[in-house]
Amino acid sequence: MDLDALGRCVSTASCLVTQTTSGLIAGLLLFLVAAGLTLIFGVLKVVNFAHGTFYMLGGYIAFTTLQVTESYTLAVLAGGAAMAVFGIFFERALIARVYGQDVLMQLLVCYAVVLIFDDLVKMVWGADFLAMGMPPAFQVPPLFIAGGIVPPFYAVLIGIALVIAIALAASLSGTRAGKTVLAAAQNPTMVSALGVNTDRLFAVVFAIGAALAGLGGALAAPVRSLTPGMGFSVLIDSFIVTVIGGMGSIAGALLASVGVGLIRGFGTIGFPTFTDGLIYVAMIIVLLLRPTGLFGREVV
Amino acid sequence: MTSGTAMRDIAVAAAALAILIAVPFLVHSPAFLDYIIRIAAMSLFATSLNLLVGGTGLVSFGHGMFYGLGAYAFALLMQRTQISLAAAAGCSLVISALVGLAVGAVCIRLRAIYFAFVTLAMQMLFYSIIITWQSLTGGDQGLQGGIPRRVLFGFDLNSQFHLYTVSAVVMVVGLLLLRHVSASPLGATLRMIRDNEPRTAFLGVTVWRAKLTAFVIAGVFASLGGILAALFVSGAYPELANWPISGQAIFAVMLGGVSTFLGPLAGAAILLALGDAVTRFTEYNGMVLGLVILFVTLGLRRGVLDVLTEALRRRRTGPAAGAAE
Amino acid sequence: MSAVLEVSGLEVFYGASQILFGIDLKIEQGQTMALLGRNGAGKSTTMKAIAGVVAPRAGRIAFGGKQMAGMKPYAVARLGLAYVPEDRQVFPEHTVRDNLLIAAKKGPQGQDEWTVSRIWQVLPLLERLRDRPAGRLSGGEQQALVIGRALMGNPTMLLLDEPSEGLAPIVVSSIGDLLRALRAQGATVLIAEQNMHFCLGVASDAVVIDKGKIVYRDNIAGLRENAEVRSQYLAM
Amino acid sequence: MTKTDQRITLRRRPLLAGAAAALATPFVARAQGTAKSGTVKVGMPTILSGAIALLGTSQRNAAEMEIERINAAGGLAGRKIELVVRDSKGQPQEAARVVRELVNTDGCEIIMDAEASSAAFAVQEVIRDLGVLCIHTSSETSSLTADPKLRVATAFRCARQGVHDSIVGGSYAAKVADAKKWTKWATCSPDYAYGHDTTTQFLDFFKHFKPDVEIITQAWPKLGAPDFTEVITKLIQAKPQALFSLLYAGDLSAFINQANVYALFSNMAMFDPNMGDYPVLTAVKSLPAGIYSGTRYLENFPDLPANAAWGEAYRKRFNQFPTNWSWQNSTAWMLAEAAAKKAGSLDAKKMSEALTGLTIDCPFGVGGKVTMRDDHTLVNYAVGWGRTTPKMPYVIDIEAGDWKQLYELEAAWKKQMNYT
């Protein structure tokens, strides 16, 4: 514990700005992945433990696409699109068979997929870690804003994450399709009885959720290492964010992601060896005060 | 519980124990002894989890915390104090009960999936404390130097056969006790809570007290399993407290079946044997295990013992099903 | 005239227990059929089975001559059968208008299309509440909303499960007015009800269900006269 | 429902029988294991799955090469080697089980323990119980062999170790810091036992050589963390002149990539003993020049023809670079070969006696020789520091560590730790 350092940081503008932005960066990248998780839970009531696998596959597919096409944009799109397709397949072939069943059944099906794809990735891309490298366009020095440091690459990532957050929120609350999705989240049978093909709706929602995870993996690939099993730590973080924010709430996921990012940003200064512990403690406190998370509804 | 079924259970347990103890005299197989020692640890862990999952409807994702707690408390007491093995084990169980009481008091307020997550969070917090508190726990490298395996009631636990005998006795007695709990009025109350919590509360049952009791009992038996695990590996490692160990117990429970008392034992036995066999044949054990899980969850849709008991019942009652065989 | 909906030999189980024991029903174009029975007689289950919400174990359900037993709810709805469940099931966080819009669907050619503004005409109370979340409406307002929502799908037939349940008498009578108006426009409706008086006022025909079987069928005038059936099965 | 159930039941029978047979093998397999007395089985528990599967695969490769060579020359004490590799997934309890199975069921007479640290400690306890010969080939934690309480008569370590790296690193860093007048330092190491212990060790020796350094901040990112952003900004805020880090493998690569985004390397120098290993050097796409790096495995260090030849042979055969773990594993086989020759038998006790104090010719040793010291640990292997360059040979200007100085300081350290 180093409360002096924390106090010093909070009272210095540059440290405050820099740690806040780095918290925001970590938080928003996390949000991309967690948004998909919370969307899938909100609508399908499935706790998707395979979400980290989508993130991993998105990263690896982006890696290979970049090698072939040498375009980071294409790589990111490929990562997201491939996971959308994979999500549909996964939902139809596996998850659709355990709807309404014990959460443990769903957990095990997802766990099986995690195990299988960790090994498949090892077979295809090898056991060694891979690094994608920074696209040349972003190999530029960082910007200095209000004494804080903001790298252009991260500025772009923050922008993309925010655009996706806004687009997601706007299309959910502003379009008929989005409203139907929200209605299906509350009462799928009734939505089906109104003539909406809920099978297809669920598959599409799952695909969007998976695509967000894949996009997250692909976007972050230039600065993160690709290894089999890399989805795990991201999965845990996404779960924490989803649970704190309230399962099914996009706004909650955004708030909690940024919160977790900020805890990391300042925790690393004040509590360098207990940053993760802080996050678990935060999660437990939130759950005790609000058992369904910040914005969650009671789930049966 | 009627004394008739209790007597029957005790008779079955005594017979099982007699067979287990006879085996090493008939066949020499150190691997088999190891296997039973590990089953002893895992089956207590999984069966205690099923008291929560199948018996109360409390889906805990963090039960491994108690397995790890048992292992660490016991190993630390053995390494750092001079107390006897039985006393160390007893103290570890008391510690687990107290921790179970505190953690349970926090967790059982929550329902369904949120209970699952807060138990998981508790386990991860526990794990991160183990990793961080290096001076006590050795951090990620675990407790080094082994556990001094003192003599217990004339059994020298350095000998594999003696450790095997003690493990077999602990397993059989532990399972018998858990069986007693699930057949007791408490067990019946827990099942009522599982099936309809509001109605149970309406009938005048203090639901939280029953749930908390179940949580503490389950925690104590899980840590008994952890103690055996610590004896087997002669140490305590953070992996014994990390979430995949909870996942293993969950899988053992589902694999064996939630609705039969011995389901988790069967699940633990199959899971361990499967894991060992797969490791012998391929390095892609995750893939094989994954496919097996898919087969059980999507193919069988129930645990193995559940399938078997249903088949047996059908054979006994339904002539059509009998003819089909 | 051919039957719009024809149910025969319908059997439904919940787990191991059988709820329906071979239901036969025939509803013709323009009929408003009341399905009467005590609590637990099997009314709601019959409605759910027709709507595709529960899957029957045996029996046939033909709608406009098309076999649809075992279809998913959305497929049933797309054939033109709109289902209004007994507990109403509005989307509580959506506004009244959004509840209607989610259900909007083209009907068969030549039919007068239901639109939001036409719903406002027949259910003027809803227009005043158009931007209120449906969860904050009263029971009667919600009932009006779900009937309006069902109409937005431009169905050829309506399934109403207990539309009068738990509502104040004045609300019940206004819903009765709406149903009579629909009947006058030639709508085909199946109403499951415990409230016989309500049905006597809106229905053209009636069947009585008890313990999962149809025990009586006649036109509404016949039921009105038959005190024995009323006392034996409808506890009046 | 009934129908499908029957079908499954019928088809399941032969499957079940097959599965039961497969599951039962461990309990009967020993008879087969000992029947072929012409060969000697060597068990290798290691990690073949997950994020550090490379630890296992690159050692298995090395073992394959050495076994082929030794078998061609007549085997160990006249017996051909048969290698049995098992994946423990890096879990200590699983490693313990696997080793017991390898010995009890498969009849392995020697264990080449290729487990990372925590599992190596678990293996050590099993070896204490079973009394077979064991050479640890990856654990770098010094206490495994330095602490007499942990030592086991038949267990040896053939791997570099933390205290050696710390002494050489401390002395090298002090020399550089003196020349460049760098007094303000920061550290950034993974938050687990290795990271904490070895960082402390390094700082002790560093301050021993250069007492006027000041550690202005310490960051402890989590092992396997995907994101180091907040740690990187914290380091930049602190404005040290140089950074010492023990990050390695994928974490190190991610850290460098993320640090590049913040232009961290234009603000401070970086010292990392784990940089000089090909998997990291080749994976990082824009490797900054001038990172001070320890040598883990490099074909150009030690600068011996035998080393270059071995590296090239490995690369040709497996189409990838060897790792630090590869040379350690290879050396273990060379030691076993020499010890078997000396002992004339594979008996654990005789082999242990032969191994203790044994010096052999080895491409990875200083002057082509390494020694298994009497405290059961490898010494005189090549250890040095240099500076990175983005192209092959990746690390240049390598200065070799001075083993004389190393022995002295190691002895002092052991005394301080009460290990004598």
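Across the interface of chain A and chain B the rule finds 1 salt bridge, where a salt bridge is a side-chain nitrogen of Lys or Arg within 4 Å of a carboxyl oxygen of Asp or Glu. Side chains of opposite charge can pair when their charged atoms come close. Here the two partners are B:Glu283 and A:Lys122, whose side chains meet at 3.4 Å, N to O. Over all chains the structure holds 48 salt bridges, and this pair crosses between chains, running from B:Glu283 in the loop between H12 and H13 of chain B to A:Lys122 in helix H5 of chain A. Helices (H or I, at least four residues) and strands (E, at least two) are DSSP runs that are numbered from the N terminus.

Before going further, the reader should know that this is a predicted model, in which local features need pLDDT of at least 70 and side-chain atom pairs count only at pLDDT 80 or more, while totals for chains, interfaces and linings use all residues. Residues are numbered from 1 along each chain as its sequence is written, chains are lettered from A and ligands numbered from 1 in the order in which they are written, and side-chain values use heavy atoms, with hydrogens and water left out.

The salt bridge belongs to a wider meeting of two chains, in which 42 residues of chain A are in contact with 37 residues of chain B, contact meaning heavy atoms within 4.5 Å. Of the 4 pairs of chains in contact, chains A and B share the most contacts. The area buried between them is about 3800 Å², and carbon and sulfur atoms give 81% of it; buried area is the accessible area (1.4 Å probe) that two parts lose on being put together, summed over both. Between chain A and chain B there are also 7 residue pairs in polar contact, both residues at pLDDT 80 or more. A polar contact is a pair of N or O atoms within 3.5 Å; within protein, one must be able to donate a hydrogen and the other to accept it, and residues adjacent in sequence count only if both atoms are side-chain atoms.

On the side of chain A that touches chain B, the elements that give two or more residues are helix H5 (103-125), helix H10 (231-245) and helix H12 (275-289) of chain A. The largest share, 14 residues, comes from H5(A), the helix that also holds A:Lys122. Sorted by class, this side of chain A has 31 nonpolar, 6 polar and 5 charged residues, with Ala, Val, Leu, Ile, Met, Phe, Trp, Tyr, Cys and Pro counted as nonpolar, Asp, Glu, Lys and Arg as charged, and the others, Gly among them, as polar.

Chain B also meets chain D, and there 39 residues of chain B are in contact with 44 residues of chain D. The area buried between chain B and chain D is about 3600 Å², of which carbon and sulfur atoms give 54%. B:Gln141, B:Arg280 and B:Glu283 supply 19% of the area that chain B buries against chain D, more than any other three residues. The count of salt bridges between chain B and chain D is 5, and one of the salt bridges in the model joins the side chains of D:Arg97 and B:Asp276 at 3.2 Å, N to O. Between chain B and chain D, 9 residue pairs are in polar contact, both residues at pLDDT 80 or more. The largest share of the side of chain B that touches chain D, 7 residues, comes from H12(B), and by class this side has 17 nonpolar, 11 polar and 11 charged residues.

Other pairs of chains stay apart: chain B and chain C do not touch, their nearest C-alpha atoms being 14 Å apart, and no contact joins chain C and chain D, whose closest C-alpha atoms lie 12 Å apart.

Within chain A, A:Cys9 and A:Cys15 form a disulfide with their sulfur atoms 1.9 Å apart, a disulfide being a pair of cysteine sulfur atoms within 2.5 Å. The torsion about the S-S bond of A:Cys9 and A:Cys15 is about -90 degrees, so the disulfide is left-handed.

Finally, confidence is given by pLDDT, the predictor's confidence in each residue, from 0 to 100. Chain A has a mean pLDDT of 89, chain B averages 87 and chain C averages 88. Over residues 319-325 of chain B, however, pLDDT stays under 50.
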